[in-house]
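Colleague: Before I rely on any of the labels attached to this chain, I would like to hear the reasoning behind them. Could you take me through a few, one at a time?

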Amino acid sequence: MIHRRLLQLAGTVRGAILALAAVGLVMSALHVAFALLVGLVVAALVRGDGDVSVPLTALAVVALVRAAVIWVRESLTTRIGVSVRIRLRSRLLDKVAAVPEAERRAGRTAATVIDGVDGLDAYYTRYLPQLVVVLLVPAAVAVIVAVLAPAAGAVLAVTAAVAVLAPRLWDARLLRNGRGRWAAFTRLSGDYVEALRSVPLLRGFGAAERVGAELDARAEDLRERTMSQLRVSLVESAFSALAVHVGVVAAVLVSLAAVVTGSTTATTAVLVLMLARECFRPVAELGQHWHAGYLGLTAVDGLDGLLSAEPAVTGEGSRTAPARGGASVELRDVGYRYPGADTGVRGIDLRIEPGETVAVLGPSGAGKSTLARLLERGADPDDGSVHIDGTDLRGYALSALRRSVVVVPQDPVLFAWSVRENLRLYRPGATDAEVEAAAAAADAHDLVSALPSGYDTVLAEDGEQLSGGQRQRIAIARALLAEAPVLVLDEVTSALDADTERRVIAGIFGHAAGRTTIVIAHRLTAAERCTRWVRIESGRVAATGAGPPTALAQPTGAAR
Ligand SMILES: Nc1ncnc2c1ncn2[C@@H]1O[C@H](COP(=O)(O)OP(=O)(O)OP(=O)(O)O)[C@@H](O)[C@H]1O
């Protein structure tokens, strides 16, 4: 089955597919030559006449060349397979980085990028080249047989056509079932990832058993779909195999009948027997490759969905980063709605001078994190514009912008790398002294030093051996080390006790002095060193004030 979208996705791989098809054709020609030579040798031996040394030598040469071509084909297939996977994965990973959808559905995305692409490898490197071989070789062999024995040639032509075309009747159903199975597989992958991440939570709430039972039910659904798929595919294979065997037997019987009636020779009958097998060899191999390759076909929806998803932001300028130190930040009548929702921010006007420290306060859901998102260009505003140092964010090269605005989220991600590598995420060239100074400023030096190998301790996935507050402090140190002109701290001290929070805030303000710092906070203690405050409510600026925020900055009932 040829899938137009998959051919488009393959892009420049088309030439490689044709090269593999050409090698497949050479291979088939060698098989046919081998069969003819064996036929000639056997016929000569049966007749007991003639010298068979020449065809035997030719047979040995063909066998050697065939071995060499097999080697070439396999190494080419592997190389092309690797390059197809690299090319597709790099296109997909570019998308994963830009598409919010991929972030939200991490498990499904991982299944598509890993299993889907693996499945496509067999489709491109085995199935499609073999399809070209099947379109040419059985017809050519049937013509050769027809020249030797017309009736046997006709039988081969008809049965080969049936063997190739009959399974296509099941293709649509196989593909439909396969897509359903793939959807169930990726959904289950996503659910497993989510459940594994939340095991302590699920256990804590006694929900582990219920979620386990749901996963069991989904796994059972996947098993049933897979078995149903296997059944359809086995029926298809059985029909194909039947046509192959019936074809060989019928062609041989027809040529034997011709021998009995004296209209052909025994040598021709032996040649027909040998060639009949070669006529069907490509068909049988196509069946095997189809089963290896259709997994890729079924993954096409996931691949297509990811590749055609709209990135959160499009286009970028060429401006490099603003000058080091602080940069001005300006939001001009900014409005943003989350896609498909009526939530976000609107009419935000805010100017922050270079080096200023501003607190952004407001109730939960007011739109504070949305502002942070807009500042790092995680999304573009629907209305208005965001500027850094007077330049619209869209005028900066994305990589430069992301180095210039560092946002520390409330629940930061740490990688399963050493603490030192985690801290150097934004500045791989930072010296050990700079790393330690940033850690000390975030009140993280002592806690890191107490780890078994200090800064070289390799963290568990997402820093699991650390408490929430310890992870927050390492993430703050990482952001301080970046020395970005604009630092946005989004409730980064929410997991710290009041004393530690004060120390961390003092450290941040000392280390980041001169840089523009925006502190998003619920608690006034987190923002008490800011020189100005802004209160956001329902996506709008509700009030602003000079000096550190006081109780006035908070809506009634907010935490102090
Ligand atoms: N990905 C999203 N899709 C749709 N709506 C969203 C999304 N993220 C946030 N929102 C909505 O946008 C609004 C603003 O959310 P935001 O996260 O900016 O609030 P916040 O002030 O940071 O809240 P909190 O203090 O609880 O972190 C909320 O109504 C929220 O439900």
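Modeller: Let us start with exposure, where a residue is buried if 20 or more other C-beta atoms lie within 10 Å of its own, exposed if 12 or fewer, and partly exposed in between. Please keep in mind that this is a predicted model.

Colleague: What makes Gly469 count as partly exposed?

Modeller: Gly469 has 18 C-beta neighbours inside 10 Å, and a residue is buried only from 20 upwards and exposed at 12 or fewer, so Gly469 counts as partly exposed. Gly469 is found in helix H17, which covers residues 468-482.

Colleague: Which residues does Gly469 touch, not counting those up to four places away in sequence?

Modeller: Gly469 touches Ala495, Leu496 and Thr500. The C-alpha atoms of Gly469 and Ala495 are separated by 4.8 Å, although these two residues are 26 residues apart along the chain.

Colleague: Why does Asp333 count as exposed?

Modeller: Asp333 has 12 C-beta neighbours inside 10 Å, and the exposed class takes in residues with 12 or fewer, which means that Asp333 counts as exposed. Asp333 is found in strand S1, residues 329-337, and its phi is near 45°, a positive value in a residue other than glycine.

Colleague: Is Arg377 buried or exposed, and how do you know?

Modeller: Arg377 has 20 other C-beta atoms within 10 Å, and because a residue is buried at 20 or more, Arg377 is buried. Arg377 is found in the loop between helix H12 (368-375) and strand S4 (383-388), and its phi, near 60°, is again a positive value in a residue other than glycine.

Colleague: How many of the residues in the protein chain count as buried?

Modeller: Of the 560 residues of the protein chain, 39% count as buried. The largest nonpolar core has 70 residues, and those with the most contacts inside it include Val145, Leu156, Ala251 and Val272. Apart from this core lies another, of 67 residues, among them Val345, Ile352, Leu361 and Ile474.

Colleague: Why is H7 called roughly antiparallel to H9?

Modeller: The axes of helix H7 (residues 168-197) and helix H9 (residues 208-260) come within 9 Å and cross at roughly 160°. Angles over 145 degrees count as roughly antiparallel, and therefore H7 is roughly antiparallel to H9. The crossing of H7 and H9 is left-handed, and by class their contact has 13 nonpolar, seven polar and eight charged residues.

Colleague: At what angle do the axes of H5 and H11 cross?

Modeller: The axes of H5 and helix H11 (residues 300-308) cross at roughly 115° and come within 10 Å. H5 passes H11 in a left-handed crossing. The contact is made by Arg108, Thr109, Thr112 and Gly116 of H5, together with Gly302, Leu303 and Leu306 of H11, and these residues divide into two nonpolar, four polar and one charged.

Colleague: What makes Ile114 partly exposed?

Modeller: Ile114 has 14 other C-beta atoms within 10 Å, and since the partly exposed class lies between the cut-offs of 12 and 20, Ile114 is partly exposed. Ile114 is found in helix H5, residues 106-148, and the C-alpha atoms of Ile114 and Arg89, 25 residues apart along the chain, are separated by 8.2 Å.

Note on methods: Residues are numbered from 1 along each chain as its sequence is written. This is a predicted model: local features need pLDDT of at least 70, side-chain atom pairs count only at pLDDT 80 or more; totals for chains, interfaces and linings use all residues. A nonpolar core is a set of buried Ala, Val, Leu, Ile, Met, Phe, Trp, Tyr and Cys residues joined through C-beta atoms within 7 Å. Axes are lines fitted to C-alpha atoms, for helices over the stretch in contact, and angles run from 0 to 180 degrees between N-to-C directions. Helices (H or I, at least four residues) and strands (E, at least two) are DSSP runs, numbered from the N terminus. Angles under 35 degrees count as roughly parallel, over 145 as roughly antiparallel, 65 to 115 as roughly perpendicular and the rest as oblique. A crossing is left-handed if the near helix is turned anticlockwise from the far one by less than a right angle, and right-handed if clockwise. Ala, Val, Leu, Ile, Met, Phe, Trp, Tyr, Cys and Pro count as nonpolar, Asp, Glu, Lys and Arg as charged, and the others, Gly among them, as polar. Two residues are in contact if their C-beta atoms, placed from the backbone, lie within 7 Å.
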